[in-house]
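Reader: I have a new model open on my bench computer, and I like to know what stands behind each label. Could you take me through a few of them?

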Amino acid sequence: MDEIALRLPSTMTQAEIKLCSLLLQEHFGEIVEKIGVHLIRTGSQPLRVIAHDTGTSLDQVKKALCVLIQHNLVSYQVHKRGVVEYEAQCSRVLRMLRYPRYIYTTKTLYSDTGELIVEELLLNGKLTMSAVVKKVADRLTETMEDGKTMDYAEVSNTFVRLADTHFVQRCPSVPTTENSDPGPPPPAPTLVINEKDMYLVPKLSLIGKGKRRRSSDEDAAGEPKAKRPKHTTDNKEPIPDDGIYWQANLDRFHQHFRDQAIVSAVANRMDQTSSEIVRTMLRMSEITTSSSAPFTQPLSSNEIFRSLPVGYNISKQVLDQYLTLLADDPLEFVGKSGDSGGGMYVINLHKALASLATATLESVVQERFGSRCARIFRLVLQKKHLEQKQVEDFAMIPAKEAKDMLYKMLSENFMSLQEIPKTPDHAPSRTFYLYTVNILSAARMLLHRCYKSIANLIERRQFETKENKRLLEKSQRVEAIIASMQATGAEEAQLQEIEEMITAPERQQLETLKRNVNKLDASEIQVDETIFLLESYH
């Protein structure tokens, strides 16, 4: 969905750069953050210039760039003179905000196994399928009762399902012809991917079960990466998927979020059956419609009827009535594109996203300025252009109040004023002043504020944690002691004694901290939902 993101200025705003800086520091530490933010500010640059400008050693810059490229946060390009330049992918850095949402979505769709597969891919940037399967099987085995283990085949099946529905995809790789060229190697490899191979899962016969960390301490300590995958096929032969790396397909997740937003908007506006029909249409178009398309592929009424969920007992006649109702709705989420096959219907994706962005703006105006301001805002939206006197009359609000409200929204950039002079001299007495809502610029302004809000939330969370650092460390030490004593079969009285090392006021302080951090985390996710709707609108 990045193709239909808001057309932001080519230079990023200060709020976005600050947010990128906080995210990079939180995920990868100071050096990576320094290099990443430098590239965001300066655009594409060669290696030595980055090292010189940031005052960082070449070795550290190389390591930082490796991390950023591994996680798709930096891309590189070979120029004519053989110079390799590196460029930050700013929108991709901001996507790190959404990692918890991607993981939770996979959990709801593909249970714990799917959740851990996507989590591993996001944590590592890129991994081979065999490495993912092994890691996930080990992690699931850790959480199972003693004596039970997770089979590689089961994890493998979930991986195949994720690839079939395009939630994971292959990474571009070096073509084999390039390696066999006898000449000098190019300054940087050219990575390519064949469109039809993007979701093609290699045929692996992964035999084995997840291991518990206790039984193989060396593995927990972290062996070199090159050795790890060889265990996956019981050391019989080199792994068959060597060099085939996978990553999470974020655009596909965004498509899913967009579909969910459209379905819940239809449910709120009409009823559950309408939303189920729209959900069915979106599900049928998941793989056939690109994420940037303005419409879904046309679907006939007969096809929709056959694809409705099992046990959804509505007759063909009732379905047709619902489809007619949806097509006649002023919001135009569903459109009619022909009469064959009982009627052909599409979902107007761009119109739906515009409606959702407008609804978001309306709710922000209502929260910020009150319901009477929201009434004026909706009125101007509906009528396109209105003079102040017309606003007072239509909204039935006294002149002084209406004037105050209009100026308030004008100063906050939710509205704009258009001058239409009757004479060339632009004399105020001979000029019409029309209020109007430019949804695109209002959405941009709100998006900028959302980035600012999230940066503030992250900083507040970091401050809260830093303030209570000593107490948190003490609590972790006590928990570790209790866990090790329980493992060795300590008595209840001894455990009680250790627990009492944390006093009642300290416990209360920990509870308050936990509550505050949870609240800040929840706020981050909520603001990001607004960001997603505003970014999707174009």
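Reader: Gladly starting with a glutamate: why is E120 called buried?

Author: Buried means under 20% relative accessible area, exposed means over 50%, and partly exposed lies in between (1.4 Å probe, protein chains only). The relative accessibility of E120 is 7%, so E120 counts as buried. Before we go on, this is a predicted model with residues numbered from 1 along each chain as its sequence is written, where local features need pLDDT of at least 70 and totals for chains, interfaces and linings use all residues. Side-chain atom pairs count only at pLDDT 80 or more, and side-chain values use heavy atoms, with hydrogens and water left out.

Reader: Good to know. What makes R139 and E120 a salt bridge?

Author: The label calls for a side-chain nitrogen of Lys or Arg within 4 Å of a carboxyl oxygen of Asp or Glu. In this pair the closest N and O atoms are 2.9 Å apart, so R139 and E120 qualify. The two belong to distant parts of the chain, 19 residues apart, with R139 in helix α7 (residues 129-143) and E120 in helix α6. Helices here are DSSP runs (H or I, at least four residues), strands are runs of E (at least two), and both are numbered from the N terminus.

Reader: And which label does R139 get for exposure?

Author: R139 has a relative accessible area of 27%, so it is partly exposed.

Reader: How do you know that R378 and E362 are a salt bridge too?

Author: Their closest N and O atoms lie 3.7 Å apart, so this pair also meets the distance limit. It joins R378 in helix α16 (residues 371-383) to E362 in helix α15 (residues 349-369), 16 residues apart. R378 has 36% relative accessibility, so it counts as partly exposed.

Reader: Which pair links E535 to another part of the chain?

Author: E535 pairs with R95, and their closest N and O atoms are 2.7 Å apart. E535 sits in helix α22 (residues 504-536) and R95 in the loop between α5 (90-94) and α6 (99-124), 440 residues apart. Both E535 and R95 are buried. The structure holds 21 salt bridges, and E26, R461, D521 and E524 are linked in a network of them.

Reader: Now the charges without partners: what makes E492, E497, E499 and E500 a negative patch?

Author: Patch residues have over 30% relative accessible area and no salt bridge, with like charges joined within 9 Å (nonpolar side chains, Val, Leu, Ile, Met, Phe, Trp and Tyr, within 5 Å). Asp and Glu count as negative and Lys and Arg as positive, while His and the chain ends are not counted; a charge is placed at CD of Glu, CG of Asp, NZ of Lys or CZ of Arg. E492 has a relative accessible area of 60%, so it passes the exposure part of the test. E492 is located in helix α21 (residues 492-499).

Reader: Why is T113 called buried, and which residues does it touch?

Author: T113, in helix α6, has 9% relative accessibility, so it counts as buried. A contact means heavy atoms within 4.5 Å. Leaving aside residues up to four places away in sequence, T113 touches V136, L140, M150, V155 and T158.

Reader: What makes S111 and H166 stand out in their phi angles?

Author: Most residues other than glycine have a negative phi. S111 has a positive phi of about 55 degrees, and H166 has a positive phi of about 70 degrees. S111 is also in helix α6 and, at 43%, is partly exposed. H166 lies in the loop between α8 (152-164) and β5 (168-170) and, at 17%, is buried.

Reader: Is E16 buried or exposed?

Author: E16, in helix α1 (residues 14-28), has 4% relative accessibility, so it counts as buried. Its C-alpha atom is 6.0 Å from that of Y451, although the two residues are 435 apart along the chain.

Reader: And what about the whole protein: how many helices and strands are there?

Author: There are 22 helices and 11 strands. Of the 538 residues, 44% count as buried. Among contacts with a separation of 6 or more, 65% come from residues 24 or more positions apart.
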